[in-house]
Each structure stands twice: as structure tokens, then as C-alpha cells.
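Trainee: Please take one sheet in this model and go through it strand by strand. I would also like to know how that sheet sits within the whole chain.

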Amino acid sequence: MTQTKEVAHLVLPTWAGEFDLRVFEGATGEVYLLFAYGELGDGQDLLVRLHSACLTGDAFGSLRCDCGPQLRQAMRRIVAEGRGVLLYAAGHEGRGVGLVSKLQAYMLQDEGHDTVEANRRLGLPVDGRDYREAVEVLRAAGVRSSRLLTNNPAKASALDREGLLLERLSLSTAPHLRNLRYVQTKQRRLGHRAPGGQPVDEDGLLAGDGQAVDASALLGEVGARPDRPYVVLKYAQTLDGRIATGGGDSKWISGPEERRVSHALRAASDAVLIGAGTVLADDPLLTVRMVPGASPIRVVLDSTLRVPPDAQVLGPEAVTVVLTSERSDPGRRAALRRRGVKVDVVGEGPEGVDLAAGLARLRSLGIRCVLVEGGSRVITSALRGRLADRLVVAVAPLLLGRGTDAVGDLGATMVRDGLRLRGQTVHQLGQDLVVAGDLDWARD
Ligand SMILES: NC(=O)c1ccc[n+]([C@@H]2O[C@H](COP(=O)([O-])OP(=O)(O)OC[C@H]3O[C@@H](n4cnc5c(N)ncnc54)[C@H](OP(=O)(O)O)[C@@H]3O)[C@@H](O)[C@H]2O)c1
């Protein structure tokens, strides 16, 4: 029998609400933070998350793992239920090997080893966590039976052995291209339950309910070049090829299932890019809301900084980069920077900002994959400049007649001049069809 002792008890207000926090120390000094929400009462049937600390993911939003979104999703679900427990095991960093070893293992992963092999090469256990103290703390806090939020079979068995497990609930988050391999390894080699949620495949997707979606297959083979990120053009159009009405309205052309997949695509990408026209017409937030997952960096092309300062895309919910030209007012640039918006001046092109230069700037910022979400002018410039690798187009069973064309003039006079997709797949998402494929520049 191990011995944990309570060393602090206080109220901690957090972004998700006020928690009753009890701090325990294990026999070897490991720290356990027990966050209780609401009345635990008889301790039966409690929603419980046993979270292994991950400084990089939890605090810094590292995209190498899915820890941060999992932690925040668990807190949301406990708060929504009105009652539950989050046990944060500070000593379980890096599956128990500690912060420094975890970062050294990351270095080996960068050389091509998966998370399991990397630990082995460092002479470390693949999973060095021991859950006995955690279970003891849960008992001390009055937990008698739990619905455990986890994809990890080892955590579920640890509670089950002690008679504390009532049910195991998945805690999936939409994968990011940076953590996709890690998430797949967890599923394949460590037996985790669908950590990335339901994959989008040819059979489509069930109706959305805020659960994770793995849309990574729609992104194709992400391969950034030295001079620009991998660029995916994504839009929703009507059967007659419109992305908005003549008056500019585009909400919503596609249905909720397709929009949920769009959010999963955002969650998988480093950045999402739109032009000033879409900001003015739609005032989008461009964050990930319909699936659990990290919001990408938002990029706006705005050569004269005509986007209003109160535009939602400039708000604090995620990082924003505005690419502008020398024509914009330096005073406005400075005002945006003071608000925490990154403003970069790049060269001018025929359509506003020089898109190739803008994409090169994004690449220099470490961005590897950009999801271009429109509107029509930006989509057209990317195609005209051959600055896109892939197209993901939702087609809704709707006709609008006159309206905004998805794609402007590409100079095709004969059908054979048209731009074709290679290796395309078709998916039915609710009422909509989604066609995804690589742009075949080689045939051009
Ligand atoms: N259905 C969908 O999936 C979807 C998605 C997005 C938008 N929309 C709809 O599309 C409409 C907006 O289309 P839009 O064409 O006006 O908007 P847009 O493509 O988002 O923005 C175009 C503006 O971006 C700026 N820009 C800067 N550099 C550019 C470049 N290299 N290439 C192109 N534009 C550049 C230009 O303004 P400056 O010259 O001032 O810099 C340009 O007028 C709205 O009605 C919106 O609802 C639909």
C-alpha cells in the first residue's frame, strides 16, 4: 500500500470555472492535483479524468501531442455535467519518463522513430506510469465509481482493478498533421481507443454531435516545399458553382456534417487563410469549434488594412497574421500589433498581396500546411499562380442562380485546358458531397 498525503486545499478559479483543489504528495514526492467540480455527494457515477501532465501540450499548446485539447475537453465536459473530478498527475510527464527524457525522445522522433521506438532507444520504459497512488488519491477524495474519460486501456484497468470503474468514455480530439503519427501510434501500438475520433472515409460520417473527427485523409499527402507551405483550397459551393449569393450571403451552403469536417480540417492544419473580402462579408472567427481540437493560426490577406479593427478574426481566440502591402497605413499596422495581431508587409501582386511572397513568409514562420478557405478571389489567385496542391470542395444540393462564382477566370478556352484532379475521393457528408483530390499541374 502506498502512502499519499494531502498537502494543500484551496479554491482555484480557472478558465472553465471554479474548482475545489486538493493537492496530494506521493511517497516519492510526486504531486497530484485533484480538481473537484460541483457536489461529489456519495462519489458514485462520477465523471473522472485522470490526466498525465504534459507541460508542452497542456501549457504551451504543443501540436506534437493531443494532451492540451484533451485536458480542456475534459474540463468542459466535467463543468457541463455539473459534477466530476480531474486528477492531474504532475509526475506522469512524458508517460512517466519526465520532461527532459520526453524532449530527448522527441528528437529521436524527428529522426523518424515513433514514440515507442524512441523511448526504447533511450533505454526508457515505453510507459513508466504507475497508477496506484492516483487511485489512492481518487479514493481519498471520495470517488466510489467513475465514468472515466480516457482512450488509454491502462488507466481504465487501473481503476477497474480497484473497483472504481463504471464505464470508460472516449476522449478523442481531431488530429493535427503534426500529431497524426503520434495519435496513430497510440492507437496501433498502445491499444488506445480511436484517439482521433471517427475517420472521414468513403462511407461518410454520422451526424455531428461535437465529437472528434479525423479529417486528415482529406488533406492528402502533406508535403511542404522550401518556398511555401502545402496549400489546400477548401470551399463549399452550390450545384451551380456558387459560393455565395449575389448579395454575398454564404451561410450556410453546406450542412452541419460538412461544416464539422471543415472544422476538423482546420484542426489538422497549421494555418487557415482568407482574403479581406470574406472578412468583410462574413466576419468569420475561423477557430475550431465544432470538434475538439486546436485552432490554427489565422491568416488574412489585406493589402490596405481595410478589415475593420473589430473583425472577429482579429480577436484573441487564436493567433492572427495579417499579410499586407506597403500601401497600408503604418499607424494601422502599429495599432494592430499593439493588440497582439502579427502584421507582416510583403510585396504586391496583381490581386493585392503577392500570394507567392505571402506564402513564402508563412513558410518562414514554420507553417507547413495552409487551408485556404476563400473567398473567390483568393481561390482564383492561388489557382492562377499554381500555388495550391489540393482541392477539397463540398457540393451542396442547392441552386442559387446568380451569385459569386467559386472560381474566376483561369484562362481555359477549351475543356481540355481545364485543371483536373488526380487521385480524387468522394465522400457523402449528410446532404453534401465532398470531392477531394490533388491538383494535377503536371498535365497542364
Ligand atoms: N462558400 C464558401 O466556402 C465561401 C468561403 C469563403 C468566402 N465565401 C464568400 O466569398 C465572398 C467573398 O469573396 P471575395 O473574393 O470577395 O473574398 P476573398 O477572396 O476572401 O478576398 C478578396 C480580397 O482579398 C484581398 N487580397 C489580398 N491579396 C490577395 C490575393 N493575392 N488574391 C486575392 N485577394 C487578395 C483583396 O483585397 P485588398 O485588395 O483590399 O487587399 C481582395 O479583394 C463572400 O460572399 C463570402 O461569403 C464563401
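Mentor: Two strands are said to pair if DSSP finds at least two bridges between them. With that settled, note that the model is predicted, and take the sheet at the C-terminal end of its strand order. S19, residues 390-396, and S22, residues 432-439, pair in the antiparallel sense over six bridges. Within that pair, Val395 stands opposite Leu433 in S22. S22 also pairs with S21, again in the antiparallel sense, here over seven bridges. In this second pairing Leu421 faces Leu439 of S22. S21 and S22 form a hairpin with two residues between them. Gly430 is in the turn of this hairpin and has a positive phi of about 60°.

These strands belong to an open sheet of nine, in the order S15-S14-S13-S12-S18-S10-S19-S22-S21. The pairing in the sheet is mixed. At its edges are S15 (342-345) and S21 (421-429), and each of these pairs on one side only. If direction is ignored, neighbouring strands are turned by 20° against each other on average. S22 is thus placed between S19 and the edge strand S21 in the order.

Further along the order, S10 sits between S18 and S19. S10 and S18 (residues 369-372) pair in the parallel sense over four bridges, in contrast to the antiparallel pair of S19 and S22. Val232 has Leu371 in S18 as its bridge partner. Helix H13 lies across S10, S12, S13 (297-301) and S18. The direction of H13 makes about 135° with that of S10.

The loop leading into S10 from helix H8 (216-219) holds Arg228. Arg228 has 23 other C-beta atoms within 10 Å; the threshold for buried is 20 or more, so Arg228 counts as buried although the residue is an arginine in a loop. Apart from residues up to four places away in sequence, Arg228 touches Leu359, Ala360, Arg363 and Leu387. Leu362 is 134 residues away along the chain, yet the C-alpha atoms of Arg228 and Leu362 are separated by 7.2 Å.

The ligand brings several of these elements together. Its shell holds 32 residues, and the closest are Gly275, Gly277, Gly352, Gly374 and Gly375. The elements that give two or more residues to the shell include S10 (230-238) and S12 (271-275) from the sheet, along with S11 (242-245), H10 (276-282), S17 (352-353) and H13 (376-384). H10 gives the most, with five residues. By class, the shell has 14 polar, 12 nonpolar and six charged residues.

The chain has a second sheet to set beside this one. Seven strands form an open sheet, also with mixed pairing, in the order S1-S2-S3-S5-S4-S6-S7. S1 (5-14) and S7 (165-169) are at the edges with a single partner strand each, so one side of each is left without a neighbour in the sheet. The twist from one strand to the next averages 25°. Inside this sheet, S3 (residues 31-37) and S5 (residues 84-89) pair in the antiparallel sense over six bridges, and Leu34 has Leu87 in S5 as its bridge partner. Helix H2 (residues 67-81) packs on the sheet and touches S2, S3, S4, S5 and S6; its direction makes about 165° with that of S4.

Leu86 also lies in S5. Leu86 counts as buried because 25 C-beta neighbours fall inside 10 Å. Setting aside neighbours within four places in sequence, Leu86 is in contact with Phe35, Arg49, His51, Ala74, Met75 and Ile78. Leu86 and Met107 are 21 residues apart along the chain, with 31 Å between their C-alpha atoms.

Finally, the chain as a whole. It has 13 helices and 22 strands, and 47% of its 444 residues are buried. Of the contacts with a separation of 6 or more, 67% join residues 24 or more positions apart. The C-alpha trace spans about 80 × 50 × 45 Å along its principal axes. The radius of gyration is 24 Å, which agrees with the value near 22 Å for a compact globule of 444 residues.

Terms used
Residues are numbered from 1 along each chain as its sequence is written. This is a predicted model: local features need pLDDT of at least 70, side-chain atom pairs count only at pLDDT 80 or more; totals for chains, interfaces and linings use all residues. The radius of gyration is taken over C-alpha atoms; the globule rule is 2.2 Å times the number of residues to the power 0.38. A residue is buried if 20 or more other C-beta atoms lie within 10 Å of its own, exposed if 12 or fewer, and partly exposed in between; C-beta atoms are placed from the backbone. Two residues are in contact if their C-beta atoms, placed from the backbone, lie within 7 Å. A residue is near a molecule or strand if its C-beta atom, placed from the backbone, lies within 6 Å of it. Ala, Val, Leu, Ile, Met, Phe, Trp, Tyr, Cys and Pro count as nonpolar, Asp, Glu, Lys and Arg as charged, and the others, Gly among them, as polar. Axes are lines fitted to C-alpha atoms, for helices over the stretch in contact, and angles run from 0 to 180 degrees between N-to-C directions.
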